[in-house]
Amino acid sequence: MTDAIYHELLLDLYKHPLNKRVLPDCDARQTEHNPSCGDTIEVCVKWDTNNAVKAVAWQGDGCAVSQAAASILTEKIKGKKRNAIKKISNQKMLQLLGLKNLNPTRLRCATLCLETLKKICR
Amino acid sequence: MEAIKKHFPIFRHQKDLIYLDSAATTQTPQVVIDALTAYYTNYRANVHRGFYALATKATNAYESARDSVAHLIKAKREEIIFTSGTTMGLNSLAYSLSPRLSHRDNVVLTRLEHHANLVPWQEMAKHYGFELRFIELKKYELDLESAKKLIDANTKIVSFTLVSNVLGNITPAEELIRLVRQKAPRALAIVDAAQAIAHLPIDVKKLDCDFLVFSGHKMYGPTGSGALYGKKMLLDEHLEPFFFGGEMVRSVSYESADWMPSPHKFEAGTPNIAGAIGLGAAADFIMKLGWKKIQNHESELTAHALKKLKNEVTIIGPVRNRIGVIAFTIPGVHPHDIADILNQKKICLRAGYHCAEPLHHYLNISATARASFGIYTTKKEIDALAKGIQKIKKMFL
């Protein structure tokens with residue numbers, strides 16, 4: 001397939017998202033919006049006593065890139081500490097998604113969940 | 001209409017380009033590029049200033065562009081003010097007219113408006129305290145019953161679009177303006193013709209609007225060009241200049257200044273001379289093609305597209321009384337993904353809110369994809385779009 005962005009893993013995650021659910025009595029909740037396309041992501045986190053992620057969930061809707069990113073990232077940060085999450089770069093996010101050379105508009109889709117999480121970790 | 005494509009050099013340079021985003025900006029025909037180049041290479045000089053032959057030539061070209069633009073909308077030449085586009089036209093009107101309004105007054109807009117005909121009024125309402133009212137829609141069309149209820153003796157301005165840049169519908173402008181004259185005889189009627197100007201013949205006298213604005217870049221002209229039409233009496237006596245400086249003054253002392261007659265009092269500073277000349281060339285290009293040919297071709301294209309797409313996507317907009325601006329959604333696929341995948345087939349279309357975010361919320365849709373046509377668009381290109389959409393559905397659903 002020539003559609004480099006829309007590889008199988010990404011489409012699969014779009015159709016069958018991970019951690020997309022409601023997390024009752026979470027410790028932190030943050031919603032971010034990408035006004036250029038209307039992507040919305042809400043992330044909820046529960047911390048354990050070591051300040052690491054005990055549970056994480058997200059909700060929202062948007063394009064395949066933003067939705068797949070939310071699934072992959074929330075999976076990746078389970079058990080991770082605040083500081084480790086803060087250090088995740090945009091580059092790393094793209095690597096997790098298996099994407100390279102996204103144009104600036106799509107880069108915002110790919111990093112929307114990461115931005116949301118970083119606000120939680122501030 | 002394949003022959004018309006030959007007027008547009010981009011289609012020679014970008015092989016297999018399928019450009020379906022003419023509502024965002026149209027492509028440029030060679031005659032417009034030639035007009036811009038001729039000014040820069042053969043006779044560049046400032047206008048209305050020099051006494052030498054070159055300056056006279058530049059001034060004549062600039063003023064003759066005003067004739068062409070006036071001719072396009074059946075206005076008088078002194079009723080045409082060159083602007084940088086629709087946004088500048090609407091902001092100029094909002095800034096200039098709003099200080100006369102107070103908390104007792106209201107400005108009536110519609111649910112359809114582009115941000116350019118909404119945000120300036122919102123900002124002015126904050127400063128001057130007037131109320132904003134919005135004419136509702138009924139099955140995507142402006143509801144004139146709602147207009148009857150909203151427009152009253154305290155309505156001072158009614159500003160609305162002639163064609164929605166999302167839904168593609170042509171609004172009942174003449175009826176609405178007649179209604180304004182009955183219910184609020186002193187109100188001013190402003191028409192945003194940005195999306196209509198390249199697709200419908202406009203007669204400002206028949207419309208009876210007080211002001212009408214449009215952009216050059218949506219009618220095969222240069223970016224950063226545009227025009228504001230105003231009834232002569234209003235420009236002469238009602239509207240104050242928006243900008244002050246050189247060119248717009250008759251005489252100046254250290255204490256004060258007085259103005260040139262309109263339209264020059266509204267064109268302070270060195271204008272976008274090349275842009276105006278290019279805009280004039282674009283108006284001539286449209287008139288030379290002729291409205292009959294343009295409208296026949298575009299209505300055939302629109303009918304073909306609606307037929308091809310109606311079973312593949314959800315079309316957001318009316319079937320009749322519309323132009324070739326077609327917003328749609330595919331349940332389960334985000335518009336950004338639609339645009340991105342079509343881009344891989346060199347099909348250009350827009351995804352998102354199209355600078356009309358409140359309309360999307362009003363219609364309860366998150367975002368749309370939008371295909372829009374120009375005179376160079378062909379049925380073959382629409383077929384390619386339909387094929388691309390089928391492929392997307394296979395990938396995602």
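A residue counts as buried here if 20 or more other C-beta atoms lie within 10 Å of its own. Keep that cut-off in mind for the first stop, and remember throughout that you are looking at a predicted model.

**Stop 1: Asp210 of chain B**

Select Asp210(B), in the loop between α9 (204–207) and β9 (211–215) of chain B. Is this aspartate buried or exposed? It has 26 C-beta neighbours inside 10 Å, so Asp210(B) counts as buried. To see some of its company, show Leu188(B), Ala189(B) and Ile190(B), then Gly230(B), Lys231(B) and Leu234(B): Asp210(B) touches each of these, leaving aside residues up to four places away in sequence. Now add Val191(B) and draw a C-alpha to C-alpha distance: it should come to 8.1 Å, for two residues that sit 19 apart in sequence.

**Stop 2: two helix pairs in chain B**

Two packed helices are described by the angle between their axes and the distance between the axes. Try that on helix α3 (residues 30–42) and helix α11 (residues 273–289), both of chain B. Their axes come within 8 Å and cross at roughly 150°, which means that α3(B) runs roughly antiparallel to α11(B). The crossing of α3(B) past α11(B) is right-handed.

Turn on side chains next. From α3(B), pick Val31(B), Val32(B), Ala35(B), Leu36(B), Tyr39(B) and Tyr40(B). Their partners in α11(B) are Ile273(B), Ala274(B), Ile277(B), Gly278(B), Ala281(B), Ala282(B) and Phe285(B). Colour this contact by class and you get 12 nonpolar residues, one polar and no charged ones.

For the second pair, select helix α5 (residues 86–97) and helix α6 (residues 119–128) of chain B. Here the axes are 9 Å apart and the angle is about 15°, so α5(B) and α6(B) are roughly parallel to each other. Once again, α5(B) passes α6(B) in a right-handed crossing. Which residues of α5(B) and α6(B) meet? On the α5(B) side they are Leu90(B), Asn91(B) and Ala94(B), and on the α6(B) side Pro120(B), Trp121(B) and Met124(B). The tally for this contact is five nonpolar, one polar and no charged residues.

**Stop 3: a cis bond and a positive phi**

Most residues other than glycine have a negative phi, and most peptide bonds are trans. Chain B has an exception to each. Zoom in on Ser262(B) and Pro263(B), which are joined by a cis peptide bond with omega of about 5°. Pro263(B) is in the loop that links β12 (257–259) to α11 of chain B.

Then go to Glu247(B), which is not a glycine yet has a positive phi of about 80°. You'll find Glu247(B) in the loop between α10 (232–237) and β11 (249–252) of chain B. With 17 C-beta neighbours inside 10 Å, Glu247(B) counts as partly exposed.

**Stop 4: over to chain A**

Chain A has a positive phi to look at too: Asn51(A), at about 65°, is not a glycine either. Asn51(A) lies in the loop between β2 (39–47) and β3 (53–61) of chain A. It has 11 C-beta neighbours inside 10 Å, so Asn51(A) counts as exposed.

Next, select helix α1 (residues 8–15) of chain A and look along its axis. Leu10(A), Leu13(A) and Tyr14(A) are buried. These three cover an arc of only 105° around the axis, so they are on the same side of α1(A). Spin to the other side of α1(A) and you meet Glu8(A) and Asp12(A), both exposed. Among the elements covering the buried residues are α2 (64–76) and α4 (90–97) of chain A.

Stay with α4(A) and add helix α5 (residues 104–121) of chain A: the two axes come within 10 Å and cross at roughly 100°. That angle means α4(A) is roughly perpendicular to α5(A). Asn90(A), Met93(A), Leu94(A) and Leu97(A) of α4(A) meet Leu107(A), Ala110(A), Thr111(A) and Leu114(A) of α5(A). By class, that contact has six nonpolar, two polar and no charged residues.

**Last stop: where the chains meet**

Show both chains together. At the interface, 13 residues of chain B are in contact with 14 residues of chain A. On the chain B side, the elements giving two or more residues are α13 (335–343), β16 (350–352) and α15 (379–396). Start with α13(B), which gives the most, with four residues. Colour the chain B side by class and it splits into six nonpolar, five polar and two charged residues.

Conventions:
Residues are numbered from 1 along each chain as its sequence is written. Chains are lettered from A and ligands numbered from 1 in the order in which they are written. This is a predicted model: local features need pLDDT of at least 70, side-chain atom pairs count only at pLDDT 80 or more; totals for chains, interfaces and linings use all residues. Two residues are in contact if their C-beta atoms, placed from the backbone, lie within 7 Å. Ala, Val, Leu, Ile, Met, Phe, Trp, Tyr, Cys and Pro count as nonpolar, Asp, Glu, Lys and Arg as charged, and the others, Gly among them, as polar. Axes are lines fitted to C-alpha atoms, for helices over the stretch in contact, and angles run from 0 to 180 degrees between N-to-C directions. Angles under 35 degrees count as roughly parallel, over 145 as roughly antiparallel, 65 to 115 as roughly perpendicular and the rest as oblique. A crossing is left-handed if the near helix is turned anticlockwise from the far one by less than a right angle, and right-handed if clockwise. A residue is buried if 20 or more other C-beta atoms lie within 10 Å of its own, exposed if 12 or fewer, and partly exposed in between; C-beta atoms are placed from the backbone. The arc is that of the directions from the helix axis to the C-beta atoms.
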